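Colleague: Could you take a close look at one part of this model for me, the salt bridges and the strands around them? I'd like one connected walk-through rather than a list.

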Amino acid sequence: MSKKILFVVHRYAPFPGGSENYVRDMAEETLSRGHTVAVFAGEHKGDWNGVRVTNDTQILLEQWDLIVVHGGNVGLQDFVLVNCMKIPSPILFLLVLPSDTPIYRYAIESVKYIGCDTQEDWDSIKGDMSTFRKGVKIRHGINPAISTGEHGFRAKYGIDTPYMFISCGGYWPNKAMPELVTAFNKVGREDITLVLTGYDNRYGIMPPQSPYVKTLMIDDRDEVMSGILESDLYIMNSFTEGYGLVLLESMLNKTPWAARRIAGANQLKEFGFTYDHEDQLIEYMKSFNGVPEKQVNDAYEIVTSNHTIKNVVDDLLKVVA
């Protein structure tokens, strides 16, 4: 039976960014199954790929089978969460990055469903049994059709060292890219080029270039995927992440990864290298010479069987089945 699903996000594709692309993937996959789909977004460029997109608050008063709010502690999402008791449709709050703000606490007490995946998600709602019972398992996933890289990145940017490590996502404080450069410079290997990519440098923390560190501004997703495909190691040095979908993208492209022990890295730890401190990462980079083929193949299999956008939408639609 066809359902009506409304997604809520602060900014929507074709703007670049993790939230922008993730909500687009969920919306378009839901639409492809014959459901009625719309997006309430603060910033957008109008209807996109058949999905109705608006910033008109009146859309919240229409009757929906489910309203999916992607994360909190962001202006538009917080507006919906604060007013959730005035909205006539059931709301599913995808936690994304648990916190302890007043709006967050109010939201998990007031919405009908709470979408959880990581252990951090579940831990954040376990204090009160009535709240915990609202929790529903919503897996994280990616769209293989747009997350599979093609070759050409190394040639385009003249990278000819035997190894290339990469970190993507933007020059935001939580990504810890300056700290990653500092760690990499302690490794002392001249057979590795470290590549950093981002689409925003509003904080002015984009590290400078050096002979073995290449920092780039790239907002083309295909180019980023090409870089991940051709890398020998993906590094997620972030202090905080909602999940870290880029780890799934790396696994899909059979690229090994290293990440701080947070969010999705904890859930996927058997498929990569996790660390608590940068000195552990430094030692790993010093000794890196690839990983067993079985590890990357197993990582690929778990993504394609359990972490695609189809899996995500399967879980969402079970809520309103």
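Modeller: Sure, and keep in mind that this is a predicted model. Let's start with Arg139 and Asp315, whose side chains meet in a salt bridge at 2.9 Å, N to O. This pair ties together distant parts of the chain: Arg139 is in the loop between β7 and α6 (144-147), Asp315 is in helix α14, and 176 residues separate them. Both Arg139 and Asp315 are buried.

Helix α14 (residues 309-319) also holds Asp314, and the side chain of Asp314 makes a salt bridge with Arg33 at 2.6 Å, N to O. Here, too, distant parts of the chain are linked, with Arg33 in the loop between α1 and β2, 281 residues from Asp314. Asp314 has a relative accessible area of 31%, so it's partly exposed. Arg33 is partly exposed as well, at 31% relative accessibility.

A further pair is Arg260 with Glu278, where the closest N and O atoms are 3.2 Å apart. Arg260 sits in strand β12 (residues 257-260) and Glu278 in helix α12 (residues 278-287), 18 residues apart. Arg260 counts as buried because its relative accessibility is 10%, under the 20% cut-off. Glu278, at 22%, is partly exposed. Back at Arg33 and Asp314, shared partners join those two with Glu29 and Lys310 into one salt-bridge network. The count of salt bridges comes to 20.

Now the strands. The loop with Arg139 follows β7, and strand β7 (residues 135-137) pairs with β6 in the parallel sense over three bridges. Cys116 has Lys137 as its bridge partner in β7. On its other pairing, β6 runs parallel to strand β5 (residues 91-94), again over three bridges, and Leu92 has Tyr113 as its bridge partner in β6. Between β5 and β6 the chain passes through helix α3 (residues 102-110), a right-handed β-α-β crossover. Within β6 (residues 113-116), Tyr113 and Gly115 point one way and Ile114 and Cys116 the other, and all are buried. In a regular strand the side chains alternate between the two faces of the sheet.

The loop with Arg33 leads to β2. Strand β2 (residues 36-43) is parallel to strand β1 (residues 4-11), with seven bridges joining them, and Ile5 has Val37 as its bridge partner in β2. From β1 the chain goes through helix α1 (residues 18-32) to β2, and this β-α-β crossover is right-handed. β2 also pairs in the parallel sense with strand β3 (residues 52-54) over three bridges, where Val53 is the bridge partner of Val39.

Definitions and conventions. Residues are numbered from 1 along each chain as its sequence is written. This is a predicted model: local features need pLDDT of at least 70, side-chain atom pairs count only at pLDDT 80 or more; totals for chains, interfaces and linings use all residues. Side-chain values use heavy atoms; hydrogens and water are left out. Buried means under 20% relative accessible area, exposed over 50%, partly exposed in between (1.4 Å probe, protein chains only). Helices (H or I, at least four residues) and strands (E, at least two) are DSSP runs, numbered from the N terminus. Two strands pair if DSSP finds at least two bridges between them. A crossover is right-handed if, with the strands pointing away from the viewer, the path from the first strand over the helix to the second runs clockwise. A salt bridge is a side-chain nitrogen of Lys or Arg within 4 Å of a carboxyl oxygen of Asp or Glu.
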